[in-house]
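This report concerns the empty spaces enclosed within a protein model. Please consult the sequence and the structure below before reading on.

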Amino acid sequence: MSEPSDLAKLIFGRLTWEAIPFHEPILLWTFVVVALVGGVVVGAVTKYKLWGYLWREWFTSIDHKKIGIMYIVLGLVMLLRGFTDAIMMRLQQAMAFGDNVGYLPPEHYDQIFTAHGVIMIFFVAMPLVTGFMNYVVPLQIGARDVAFPFLNNFSFWMTTSGAVLVMMSLFMGEFAKTGWLAYPPLSGIAYSPGVGVDYYIWSLQIAGIGTLLSGINLIATIVKMRAPGMTMMKMPIFTWTSLCTNVLIVAAFPVLTAVLALLALDRYTGTNFFTNDLGGNAMMYVNLIWIWGHPEVYILILPVFGIFSEVVSTFSSKRLFGYASMVYATVVITILSYLVWLHHFFTMGSGASVNSFFGITTMIISIPTGAKIFNWLFTMYHGRIRFDVPMLWTVGFMITFVIGGMTGVLLAVPPADFVLHNSLFLIAHFHNVIIGGVVFGLMAGINYWFPKAFGFRLDPVWGKRSFWFWLIGFWVAFTPLYVLGLMGVTRRVSHFQDSSLQIWFQIAAFGAVLIAIGIVCMLIQFYVSIRDRHALRDESGDPWGGRTLEWSTSSPPPAYNFAFTPIVHDNDAWHDMKQRGYERPLQGFKPIHMPKNTAAGIVLAGLSSVCGFALIWHMWLLVGLSFAAVLVAAIVHTFNYKRDFHIPADEVVRTEETRTQQLAAVHV
Ligand SMILES: [Cu+2]
């Protein structure tokens, strides 16, 4: 094979036909399936002439509700990919014993567990959490949108661009084989010379910018745009947990950006921040990435705690017990979550004093978490509990998460962790708190707020089926991993010799199949609900007897959310208004002007992902061109951003009067 010319190198860098995995049958078939599904979707959108509508009403929309829904769609699509990786791992580990090497070669298995972790955290949990905060918070605080609507659109597309790059690594080149946190020296250029780690770095850098900007956006929104009367201690709990989460995002994500930038410098320019030689120190990377990593797990769970608080008080038809202590517990967790990161590597050998400090801070964090659990139980106590689907997920969470928390406290004991570190016990623990906590919470949130967003409920029958398959599937899939971990089986192994272990992996694989059925039930639930949307229609805008402001609007809410800014007297603002006889403000109309939809967000993010792709493949000419294009597009956008639109007052007043009649009719 002749050496490519300098010009070819400048243009194509290290991108060659070899980068396409024609020789990998699994990837080839995956490509065929993805191409087929993609073709059907594109065909349907073209057939029903929906491109214009999608572009005008969704892709370029600066409406927080639409952006929130797009985040959630992105998260659910990536859940299918991330879960496919999970099933592939379970299958390999259930069959690869003795002479049977399974169906996945080690280097492919390594990419799968790395992609699984990266996708589930960055492109499933983060978009879902950000989607809920985006959709719900402005409605809960009585605002017409977030503080920076354009920035919100741009942040979404930056997150999506990162996801696109990760998906591209399936069919062009490879993904990292390092595990989801890409520890050096394995992630350094010496041991990972391929494009995998570069896909990892640039997809996370691009998505990370989106996350950081949405963090700033939501903090500004919550601090500056609350309705009159909504003091901090009158904010709904979900808004409180969102505020703390976004403070953590702003405090932690720059650390991730910095540490990945240093790793990139090592790989691209030959510096020695994290290398084995020339003064490099890999443990500095491990420290920095967990200074981001542990707050990250609380960035995921805090909003979910907020969802549970809303659901428990609504479905117990009772004020949330211990509102103030709930707020203090959230703030304490936020602070403590920044003081525990070293529990991820007690085995670094930093000595008893350091380990005991981080062991104790880790154990302490279970106290405010426990306080939350008791507050939810005391809210249910003597409540008129309705076990609708959101409440089922909540009770499932309480049982599952508490057990997961307990295994966490066990791992926080350094001597015990020395035995269990990097074993399957650890894998079972963090899936216990992430699936039992974050996933169950997001499912509760989808079932709880879906009728607000679309005006009809989700089908409860398939909803309950999905819940039971997830709950039982979770325990069947991960209990064996707790057992295997206690027996000393380590993580990230694609083949085993000891056949006595196989039965446990087979049970775990069966559990993963049950969870897969749970996901299919959820998809059927969406389909059946859309098909039967008229029967599931909710005229009231408040199907569950909600207590916070988002339930005071129609479903779906008008583009401007509130024509008349609500006056708040209580943290259960809507419940309080209902007590006052559906007292909704109808005076003091403030003109509504909103920035127009714009293509700038998707264009800037699109150019950023082209630049990222070029950096991955060392296509230096394209790097320069796309980077210059990003700058030009950003400058051009600053000139046309001034254009916004007004909604005529009489149209708004008419809508509000209809809404008042609607409420009167529903609540006679
Ligand atoms: Cu941690």
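How many cavities of 30 Å³ or more does a search of the whole structure find? The model is a predicted one, and the search finds 3 such cavities. Rolling a probe the size of a water molecule over the atoms shows where empty space is left.

The largest cavity has a volume of about 100 Å³. Its lining is formed by 13 residues, and the closest to the centre of the cavity are Glu310, Ser313, Leu320, Thr548 and Asp572. Helix H9, which covers residues 282-315, gives the most to this lining, with 4 residues.

The second largest cavity holds about 40 Å³ of space. The residues that line this cavity are Trp393, Met443, Ile446, Asn447, Gly463, Ser466, Met522 and Gln525. Three helices each give two or more residues to this lining: H15 (424-454), H16 (460-486) and H17 (502-531). Of these elements, H15 gives the most, with 3 residues.

The table sets out the classes of lining residues for the two cavities.

| Cavity | Nonpolar | Polar | Charged |
|---|---|---|---|
| Largest cavity | 5 residues | 5 residues | 3 residues |
| Second largest cavity | 4 residues | 4 residues | no residues |

Which class is absent from the lining of the second largest cavity? That lining has no charged residues, whereas 3 charged residues belong to the lining of the largest cavity.

Terms used: Residues are numbered from 1 along each chain as its sequence is written. This is a predicted model: local features need pLDDT of at least 70, side-chain atom pairs count only at pLDDT 80 or more; totals for chains, interfaces and linings use all residues. Side-chain values use heavy atoms; hydrogens and water are left out. On a 1 Å grid over the protein atoms alone, a cavity is a set of points where a 1.4 Å probe fits but cannot get out, and a pocket is an open set with protein on both sides within 12 Å along at least five of seven lines; lining residues have an atom within 4 Å of a point. Grid points are joined across faces, edges and corners, and a volume is the space filled by probe spheres set on the points. Ala, Val, Leu, Ile, Met, Phe, Trp, Tyr, Cys and Pro count as nonpolar, Asp, Glu, Lys and Arg as charged, and the others, Gly among them, as polar.
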